[in-house]
Amino acid sequence: MYMISTLDKIKKRKEANDVFITPETVVKVHMDILKPFMEEYDKILDPFYGTGRYYDALILTAPNNCEFDFTEINMGKDFFDYDKPVDIIASNPPYSILEKVLEKCISLNPRVISFIIGINNLTAKRLEYMNKNGYYLQNLHMTKVFQWFGMSLILTFIKGGKNCIDFDRKVHK
């Protein structure tokens with residue numbers, strides 16, 4: 001008997017299911033990673049508020065005098081309409097529109113972009129895109145989240161610098 005794999009189910013779904021609530025313990029790990037990149041008076045945005053776990057954790061983690069904002073499509077605040085200046089963007093984005101999310105993040109010109117994504121969503125093409133736009137991977141943390149597909153990555157990009165990992169697109173024979 002043939003068993004349908006999880007990957008097959010994901011590929012054949014009719015609609016993307018991008019609502020994955022990040023466990024508080026994972027949000028805490030993400031904040032511990034992000035904290036060294038935070039500065040006093042930063043303007044910090046959680047573009048995918050969901051249940052507010054990231055937003056609340058950002059407030060608790062950030063240094064004094066930071067400003068906070070969020071967007072959440074289900075609350076009538078669309079990230080893709082956001083146009084205020086920000087220093088840091090951090091959240092768990094919808095993976096099905098990750099290119100569009102990265103484009104919007106870059107257009108806002110923050111100093112730091114930090115997301116949790118599935119390991120299969122980190123590609124050389126996306127790294128090259130971020131680099132081309134002046135953002136370099138400073139931290140990559142692998143973690144496993146219960147009932148999420150595969151490993152997850154907490155990524156932190158900063159404007160300027162160089163990548164913490166090396167990669168090439170050469171096809172070796």
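One cavity of 30 Å³ or more turns up when the whole structure is searched. The model is a predicted one. The largest cavity holds about 90 Å³ of space.

What lines the largest cavity? Its walls are built from Leu98, Leu102, Ile113, Phe115, Ile117, Asn121, Leu122, Arg126, Leu127, Met130, Leu155 and Phe157. Four elements each give two or more residues to this lining. They are helix H4 (98–108), strand E4 (112–118), helix H5 (124–132) and strand E6 (151–159). By class, the lining has 10 nonpolar residues, one polar and one charged. Asn121 counts as the polar one and Arg126 as the charged one.

Now take the two helices from that list, H4 and H5. Two packed helices are described by the angle between their axes and the distance between the axes. For H4 and H5, the angle is about 10° and the axes lie 11 Å apart. Angles under 35 degrees count as roughly parallel, so H4 is roughly parallel to H5. Their crossing is right-handed.

Which residues of H4 meet H5? From H4 come Leu98, Glu99, Leu102, Glu103 and Ile106. From H5 come Arg126, Tyr129 and Met130. This contact has five nonpolar residues, three charged and no polar. Some of its residues also belong to the cavity lining, among them Leu98, Leu102, Arg126 and Met130.

A second helix pair sits earlier in the sequence: helix H2 (residues 24–34) and helix H3 (residues 53–61). Here the axes come within 10 Å and cross at roughly 40°. That angle falls outside the parallel, antiparallel and perpendicular ranges, and H2 and H3 are therefore oblique to each other. The crossing of H2 and H3 is right-handed.

Where do H2 and H3 touch? On the H2 side, the residues are Glu24, Val27, His30, Met31 and Leu34. On the H3 side, they are Arg53, Tyr54, Ala57, Leu58 and Thr61. Sorted by class, the contact of H2 with H3 has six nonpolar, two polar and two charged residues.

Definitions and conventions: Residues numbered from 1 in each chain as written. Predicted model: local features only at pLDDT ≥ 70, side-chain atom pairs only at ≥ 80, totals over all residues. Heavy atoms only, no water. 1 Å grid on protein atoms, 1.4 Å probe; cavity = no way out; pocket = protein on both sides within 12 Å on 5 of 7 lines; lining within 4 Å. Points joined across faces, edges and corners; volume = space filled by probe spheres on them. Axes fitted to C-alpha atoms, helices over the stretch in contact; angles between N-to-C directions. Parallel < 35°, antiparallel > 145°, perpendicular 65-115°, else oblique. Left-handed = near helix turned anticlockwise from the far one by under 90°. Contact = heavy atoms within 4.5 Å.
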